[in-house]
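User: Could you walk me through this model, starting with the overall fold and then turning to the ligand?

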Amino acid sequence: MYKGTNASAGIGIGKVVVVEEQELVIKREMVTDPQAEIQRFKGALETSMKQTQDLAADLATRVGEKEAEILNGHVMLLSDPMLTGEIETMIMNDQVNAEFAIETTCTKFADMFASMGDELMQQRATDMRDIKTRMQKVLLGVESVDIAALPEGSVILAKDLTPSMTAGIDPENVTGIVTELGGRTSHSAILARALEIPAVVALAGVLEHVKNGDTIIVDGSIGDVIVNPEADVLAEYQGKREVFLREKQELEQYIGKPSITKDGVHVEIVANIGKPEDVDKVLQYDGEGVGLFRTEFLFMDRTAMPTEEEQFEAYRKVAVAMDGKPVIIRTLDIGGDKEIPYMGLEKDENPFLGYRAVRFCLDRKDDVYRPQLRALLRASAFGNIKIMVPLVTCIEEYRQVKALVEEIKNELDSKRIAYNKDIQLGIMVETAAASLIADIFAKEVDFFSIGTNDLTQYTMSVDRGNDKIAYLYSTFNPAVLRSIKRIITCAREAGIMVGMCGEAASDPMMIPLLLAFGLNEFSMSPSAILRARKMITEYSTEELQAVADKAMSFATTKEVEDYMKEFVNQ
Ligand code: PEP
Ligand code: MG
């Protein structure tokens with residue numbers, strides 16, 4: 001049995017598929033028979049060509065001709081005599097291994113294309129690097145897995161999954177996810193919850209102990225992973241899986257019920273989404289709105305930015321589907337662990353403290369921020385859209401966004417394009433700075449949403465995805481708790497709405513404290529909504545005041561957690 005971090009609840013049982021996107025290590029090696037090495041290269045070239053042609057044909061039937069074009073371009077590059085000739089010459093003259101000759105030659109061409117600057121040439125550079133890796137993988141015998149086409153009953157094991165890889169997963173076929181890296185709030189974990197796939201993350205070294213085809217149990221509720229279980233253990237977990245699914249079904253009685261405490265305090269339980277299609281789940285679990293639409297997912301998994309029109313359609317779709325219920329849409333929050341290759345961002349030394357989110361958007365007003373804000377304003381004519389700004393640290397940033405929104409409103413007025421003139425503009429409170437001046441922000445902004453995933457990271461100075469220091473990453477740390485309480489109090493005093501869209505909003509141990517502090521809105525993964533509603537209806541905010549006071553009196557995270565665990569379980 002292996003123990004990791006529980007990242008997405010439920011029990012998954014299936015067969016291991018190891019997904020490796022490891023960096024290839026290419027070394028320069030001398031060869032004694034260059035002719036034989038050239039034959040080795042030619043063999044790999046032929047296999048790569050065949051693989052690419054097959055992939056292109058598959059993509060053309062499954063997705064479309066246009067999508068297959070990139071791969072047909074790769075076939076042309078692979079058959080370019082200038083490239084292959086240069087690789088062969090290098091193997092011959094320098095007596096080096098094929099992997100190294102490919103590395104050197106393809107990198108040279110890729111760098112040359114990249115330096116030409118225009119977009120088409122950038123794409124050629126990316127293509128060149130792609131074919132380089134494909135040929136090297138063939139030579140090294142490294143197989144790559146098409147994550148979107150795994151067989152039914154697969155459990156994915158990987159060092160780490162990027163958000164775009166996770167987004168390609170089909171929940172019909174994937175019954176579990178296990179990764180060596182990441183934490184509960186890494187974006188792949190968040191996506192696993194959205195897809196309702198049981199997941200365990202931060203399980204260091206697990207890849208050494210499994211191979212493709214092993215039977216594996218993933219207990220995403222508590223973080224246990226069992227490889228090749230005995231028959232009795234397998235039966236036990238099949239039983240647990242049924243109990244989990246039954247409890248899930250029992251929660252359905254809370255569909256259509258109000259989210260109201262025993263002493264009559266109404267709160268809103270809304271949903272976090274990443275794509276317009278996620279709205280189906282929000283409606284299925286009776287979400288009272290959308291508390292966070294992470295728009296960066298519209299920008300992922302593609303080769304160019306979505307146009308204003310495409311974005312408008314996506315935002316409009318959500319607004320219409322939610323039929324007048326609030327839909328809080330967050331403007332582009334890239335950087336940190338969310339990379340978008342075509343945005344041309346340089347690697348930051350400290351990505352979480354770097355050029356990202358609103359900082360990036362305000363620097364790229366014309367090509368990035370204006371089109372997004374315009375799409376949002378136009379879509380606001382079709383429902384109850386509110387705009388939310390991520391990673392704000394000072395009031396000037398908010399004022400700049402506000403001014404930009406006003407400018408775009410005027411422009412829409414002059415063109416007689418409809419939008420909601422009273423659209424609200426709020427902020428994520430997720431940095432230590434924003435928390436410390438929450439009183440100042442509360443006087444100017446329309447609403448707050450507390451992003452505890454980042455607030456914890458920035459308050460504790462602990463990378464949210466680093467499992468070595470994960471023991472420091474807790475929303476129950478007294479410093480984080482004080483910050484949360486302060487933000488809620490400042491909002492209440494100024495009379496603005498305050499919600500929470502970080503993962504803590506659905507934590508059973510945190511919900512009683514948030515109710516006591518006076519949080520108005522809880523935003524979470526759709527599948528967590530009914531459980532939260534059940535809890536909320538069982539508490540009285542008056543009774544919870546003493547619990548919160550006690551929780552706030554402790555000096556350590558452990559004391560707070562122990563106390564809340566005992567309180568919730570009693
Ligand atoms: C947060 O930081 O709490 C949050 C909700 O945003 P994200 O997880 O996308 O950074
Ligand atoms: Mg955040």
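User: How many helices and strands does the chain have?

Analyst: Happy to start there! Keep in mind that this is a predicted model. Counting along the chain gives 22 helices and 16 strands.

User: Why can the chain be called as compact as a globular protein of that length?

Analyst: We compare two values here. For 570 residues the globule rule gives 25 Å, and the chain is close to that, so it is as compact as a globular protein of that length. Along the principal axes, its C-alpha atoms fill a box of roughly 85 × 70 × 45 Å. The radius of gyration behind the comparison is 26 Å.

User: Which backbone atom lies 2.8 Å from an oxygen atom of ligand 1?

Analyst: Let's go through some polar contacts, where the cut-off is 3.5 Å between N or O atoms. Asp-454 uses a polar side-chain atom, 3.0 Å from an oxygen atom of ligand 1. Gly-451 has a backbone N or O atom 3.3 Å from an oxygen of the ligand. The 2.8 Å distance belongs to a backbone N or O atom of Asn-453.

User: How much of the accessible area of ligand 1 does the protein cover?

Analyst: On its own, ligand 1 has 290 Å² of accessible area. The space that the ligand takes is the largest cavity. The share of that area covered by the protein is 100%.

User: Which element gives the most to the shell around ligand 1?

Analyst: Two elements give two or more residues to this shell: strand 10 (290-294) and helix 17 (452-460). The top contribution is three residues, and it comes from helix 17.

User: How many charged residues does the shell around ligand 1 have?

Analyst: There are 14 residues around ligand 1, and among those that come nearest are Arg-294, Arg-330 and Arg-464. Sorted by class, the shell has three nonpolar and five polar residues, while the charged ones number six.

Technical notes. Residues are numbered from 1 along each chain as its sequence is written. Chains are lettered from A and ligands numbered from 1 in the order in which they are written. This is a predicted model: local features need pLDDT of at least 70, side-chain atom pairs count only at pLDDT 80 or more; totals for chains, interfaces and linings use all residues. Side-chain values use heavy atoms; hydrogens and water are left out. A residue is near a molecule or strand if one of its heavy atoms lies within 4 Å of it. A polar contact is a pair of N or O atoms within 3.5 Å; within protein, one must be able to donate a hydrogen and the other to accept it, and residues adjacent in sequence count only if both atoms are side-chain atoms. Accessible areas come from the Shrake-Rupley method with a 1.4 Å probe; for residues, only the protein chains shown count as cover. On a 1 Å grid over the protein atoms alone, a cavity is a set of points where a 1.4 Å probe fits but cannot get out, and a pocket is an open set with protein on both sides within 12 Å along at least five of seven lines; lining residues have an atom within 4 Å of a point. A molecule sits in a cavity or pocket if more than half of its atoms lie within 2 Å of its grid points. Helices (H or I, at least four residues) and strands (E, at least two) are DSSP runs, numbered from the N terminus. Ala, Val, Leu, Ile, Met, Phe, Trp, Tyr, Cys and Pro count as nonpolar, Asp, Glu, Lys and Arg as charged, and the others, Gly among them, as polar. The radius of gyration is taken over C-alpha atoms; the globule rule is 2.2 Å times the number of residues to the power 0.38.
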